[in-house]
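Got a minute to poke at a fold together? Have the sequence and the model open while you read.

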Amino acid sequence: MSGRDLFCQPRRKCRGAALTFVFAGVLVAGAATGSFPESGQSGRNGPSGRGSTAVAPGAGAHHDDVRRAAAEAMADGKSPMEAAERAVSRSGDRWGAVYSEGEYEEFQEALDGEYTGVGLWARRERDGRIEVTRVRPGSPAADAGIRRGDRLRTVDGGEVDGRPVTEVVSLLRGDADDAPAGTTVTLGLERGTRAWTRTLRRARLSTDSVTARTLDGGAVTVVRVDAFTKGSADAVRTAVRQAPAAAGIVLDLRGNSGGLVTEAVGAASAFLDGGLVATYDVDGAQRALHAARGGDTARPLVTLVDGGTMSAAEMLTGALQDRGRAVVIGSRTFGKGSVQMPTTLPDGSVAELTVGHYRTPLGHAVDGRGITPDLEAGSGALARAETVLTGLGDRS
């Protein structure tokens, strides 16, 4: 598994299995992000100037139970947040989670495309070593001379070998101390026979969650989406418009664990001329999500997925696959197809609880099942995608 110091919610590890991975707990941050207009939210920001966490109509007894537990604890002089966490745990809601007010605000900021960190990506190798896989240009990590392939040995003096990469990310961000931008973190690094330490100052960074590059002299454009943050859909549409006229598109969703559903629907609109993207239910009431008209339906399209493709990324994959728009290559996706919506607790903390599930255009459930690719592929998935695009182009 790999990760970066971008999103590591919740602050305290194991705050619900939902958020162990990057964005893993979010089909969408519910009504708070305006992804479900039926909830009565006009957009991401409520009247207070930040994301409103009023629960959607009909969100159900599950929210009531958690709110009641928090209110009773507060009346008894106990922690409402801890009481809410216990209530969520008892409910069996796999994706339910409780956040402090500050945590939830930071999570929403991350969905807006910003985060506090040092600007590096890392993964754990089979031998347990933590290796830097990418460094953001202009970030504190880049300014410190850290490079891809460097080994991360320690964070603030503590060894990181063998630790889950999510824990390492949390240390880099200073999650345990709610460390803001400007605080420092000391890294122990190794490159070949050289070992050294550097102290970095955390900074506010933007995500750049969509990148594009061309292969085969312009015959293939690879559009990679790391997460569906604010602006991702526009970035995907721009990448498609700017691709060479004859280029096929590889939409790389490997390791994309979700984000904002509205952005995923917008990304679908880059490749579809309107029509159904997904259906979902909120406590039994059925809803539908549709693509906008005018997408590029002519270019050959391959979508790459793996076991880290989750949530909104699975929804997008299912739409392109069911509607015959893309050939899906890779391995079975994670299988996170549930809908969470938030509610504010008496102390200002927020509980995000599951209220329903979504289905692909042909009615396939995703939660617990994932999406099976049309062609299985592992490390050679991109090469196989290029081959498939050649064949699709020949038929066009």
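Below is a short round of questions and answers on this structure.

This is a predicted model, where local features need pLDDT of at least 70, side-chain atom pairs count only at pLDDT 80 or more, and totals for chains, interfaces and linings use all residues. Residues are numbered from 1 along each chain as its sequence is written, and side-chain values use heavy atoms, with hydrogens and water left out.

Q: How many helices and strands does the chain have?
A: Both are DSSP runs numbered from the N terminus, with helices being H or I of at least four residues and strands being E of at least two. Counted that way, the chain has nine helices and 20 strands.

Q: What share of the residues in the chain is buried?
A: Buried means under 20% relative accessible area, exposed means over 50%, and partly exposed is in between (1.4 Å probe, protein chains only). The chain has 396 residues, and the buried share is 55%.

Q: Which residue in S5 stands opposite Arg-123?
A: Strands S4 (residues 120–124) and S5 (residues 130–135) run antiparallel and are joined by five bridges; two strands pair if DSSP finds at least two bridges between them. Their hairpin has five residues between the strands, and Gly-128 there takes a positive phi near 95 degrees. Across from Arg-123 in S5 you'll find Glu-131.

Q: Which residue does Arg-129 meet in a salt bridge?
A: A salt bridge here is a side-chain nitrogen of Lys or Arg within 4 Å of a carboxyl oxygen of Asp or Glu. Arg-129 is partly exposed at 38% relative accessible area, while its partner counts as exposed at 55%. The N to O distance is 3.4 Å, and the partner is Asp-127.

Q: How many residues apart in sequence are the parts that Glu-190 and Arg-153 tie together?
A: These two form a salt bridge with their closest N and O atoms 2.7 Å apart. Glu-190 lies in strand S8 (residues 184–191) and Arg-153 in strand S6 (residues 151–155), so the parts tied together are separated in sequence by 37 residues.

Q: Is Asp-252 buried or exposed?
A: Asp-252 meets Arg-254 in a salt bridge at 2.9 Å, N to O, and both belong to a network of salt bridges with Arg-134, Arg-224 and Asp-226. Arg-254 is partly exposed at 21% relative accessibility. Asp-252 sits at 5%, so the verdict is buried.

Q: How many salt bridges does a search of the whole structure find?
A: Side chains of opposite charge can pair when their charged atoms come close. Over the whole structure, the search turns up a total of 17.
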